[in-house]
Amino acid sequence: MGTFAALEYHLVSYRRTWRSSVFSSFALPALFLVAMGVTVGGYVDARPSGLGAPYLDWIGPGLLASTALQVAVGDSTWPVFSMFNWIRTYHAMRVTPLSSAAILRGHLLFLGLRVALATFAFLLMLLPFGALHSWWALATFAPAILTGLAFAAPTFAFASVVPSDGYFAVLFRLLVVPMSLFAGVFFPVEGLPAAARVLAYASPLWHGVELCRAATLGTATAWGVWAHVAVLLAYFAVGYVLAVRGFTRRLED
């Protein structure tokens with residue numbers, strides 16, 4: 001019950017701020033799809049690409065998974081840090097019967113809901129472009145949410161231990177931005193050098209992209225569905241354990 005009490009706090013807060021996310025959830029995906037899928041896609045589709053689908057249809061699920069990652073990163077860096085250091089919301093929660101683990105789980109559940117809403121918005125944007133080729137597209141919510149949580153849980157742990165929010169700039173420059181560019185969102189990772197390919201395979205985003213692309217296009221994944229799911233679950237499980245330790249140390253020591 002403590003987990004849902006913590007979730008209720010975030011839902012009540014979001015009820016007052018949801019309008020600020022409408023543009024980023026609906027307008028930005030549509031603009032990016034037009035810019036990359038239609039404009040750049042016209043050049044890509046003009047010559048053999050080997051993608052097996054029009055570029056807009058191919059890049060759409062990649063952008064969806066990347067959006068899930070961006071939402072997860074946005075909600076698990078400065079918001080988490082501020083609740084520890086600036087507004088101290090977590091500390092206020094902890095003086096109630098809520099445990100540190102329940103506070104963490106409630107926030108992670110809210111983040112999963114945010115990713116689900118962003119996924120819904122992105123699927124609505126893909127629909128008029130004719131980029132959804134299979135009823136399996138309805139299952140895209142699962143890999144998108146799992147992709148977000150696979151990155152959010154370790155980031156929650158990171159945000160609970162860093163002494164300054166300046167460390168988030170390092171996180172974005174060394175991990176988030178390279179991952180977004182080279183994890184199969186915009187082009188197949190098979191075209192990368194061997195070392196870069198290994199890094200792409202190790203990133204949670206690539207596995208999420210593969211699952212989302214398989215769902216919307218109705219095709220097979222590179223490694224099989226359960227292999228990708230297992231990697232994402234491993235990221236989440238390790239991140240969750242570390243986050244529980246970080247939250248407990250900050251709120252109970």
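In this predicted model, helix α3 (residues 55–76) and helix α10 (residues 204–217) cross at roughly 135 degrees, and their axes come within 8 Å. That angle makes α3 oblique to α10. The crossing of α3 and α10 is right-handed. On the α3 side the contact involves D57, W58, I59, P61, G62, L64, A65, S66 and L69, which meet L205, G208, V209, C212, R213, T216 and L217 of α10. Sorted by class, the contact of α3 with α10 consists of 10 nonpolar, four polar and two charged residues.

One of the α3 residues in this contact is D57. D57 has a relative accessibility of 6% and therefore counts as buried, the cut-off being under 20%. Apart from neighbours within four places in sequence, D57 is in contact with F129, G130, A131, H133 and L217. Of these, L217 also belongs to the α10 side of the contact between α3 and α10. A separation along the chain and through space can be given for D57 and P154: the two are 97 residues apart in sequence, and their C-alpha atoms are separated by 31 Å.

P154 leads to another helix pair, since it is among the residues of α7 that make the contact with α11. Helix α7 (residues 141–159) and helix α11 (residues 225–252) have axes 7 Å apart and pack at an angle of about 25 degrees. Angles under 35 degrees count as roughly parallel, and α7 and α11 are therefore roughly parallel to each other. Their crossing is left-handed. The residues of α7 in this contact are L146, T147, L149, A150, A153, P154, F156 and A157, and those of α11 are V229, L232, L233, Y235, F236, G239, Y240, L242, A243 and F247. By class, the contact of α7 with α11 holds 16 nonpolar and two polar residues, with no charged ones.

Helix α7 can also be checked for its length and its surroundings. With 19 residues at 1.5 Å a residue, α7 should span 27 Å, and this agrees with the 26 Å between its end C-alpha atoms. The expected span is 1.5 Å times one less than the number of residues. Because 14 of the 19 residues of α7 are buried, this helix is largely enclosed by the rest of the structure.

Helix α11 also packs against α6 (residues 100–126), at an angle of about 130 degrees and with the axes 8 Å apart. The helices α6 and α11 are therefore oblique to each other, and their crossing is right-handed. Here S100, A101, I103, L104, R105 and L108 of α6 meet F236, Y240, A243, V244, F247, T248, L251 and E252 of α11. This contact of α6 with α11 comprises 10 nonpolar, two polar and two charged residues. Residues F236, Y240, A243 and F247 of α11 take part in the contact with α6 and are also listed in the contact with α7.

A last point concerns the backbone outside these helix pairs. R88 lies in the loop between α4 (78–85) and α5 (89–94). Although R88 is not a glycine, its phi is positive, at about 55 degrees. The relative accessibility of R88 is 43%, so this residue counts as partly exposed.

Definitions and conventions
Residues are numbered from 1 along each chain as its sequence is written. This is a predicted model: local features need pLDDT of at least 70, side-chain atom pairs count only at pLDDT 80 or more; totals for chains, interfaces and linings use all residues. Side-chain values use heavy atoms; hydrogens and water are left out. Axes are lines fitted to C-alpha atoms, for helices over the stretch in contact, and angles run from 0 to 180 degrees between N-to-C directions. Helices (H or I, at least four residues) and strands (E, at least two) are DSSP runs, numbered from the N terminus. Angles under 35 degrees count as roughly parallel, over 145 as roughly antiparallel, 65 to 115 as roughly perpendicular and the rest as oblique. A crossing is left-handed if the near helix is turned anticlockwise from the far one by less than a right angle, and right-handed if clockwise. Contact means heavy atoms within 4.5 Å. Ala, Val, Leu, Ile, Met, Phe, Trp, Tyr, Cys and Pro count as nonpolar, Asp, Glu, Lys and Arg as charged, and the others, Gly among them, as polar. Buried means under 20% relative accessible area, exposed over 50%, partly exposed in between (1.4 Å probe, protein chains only).
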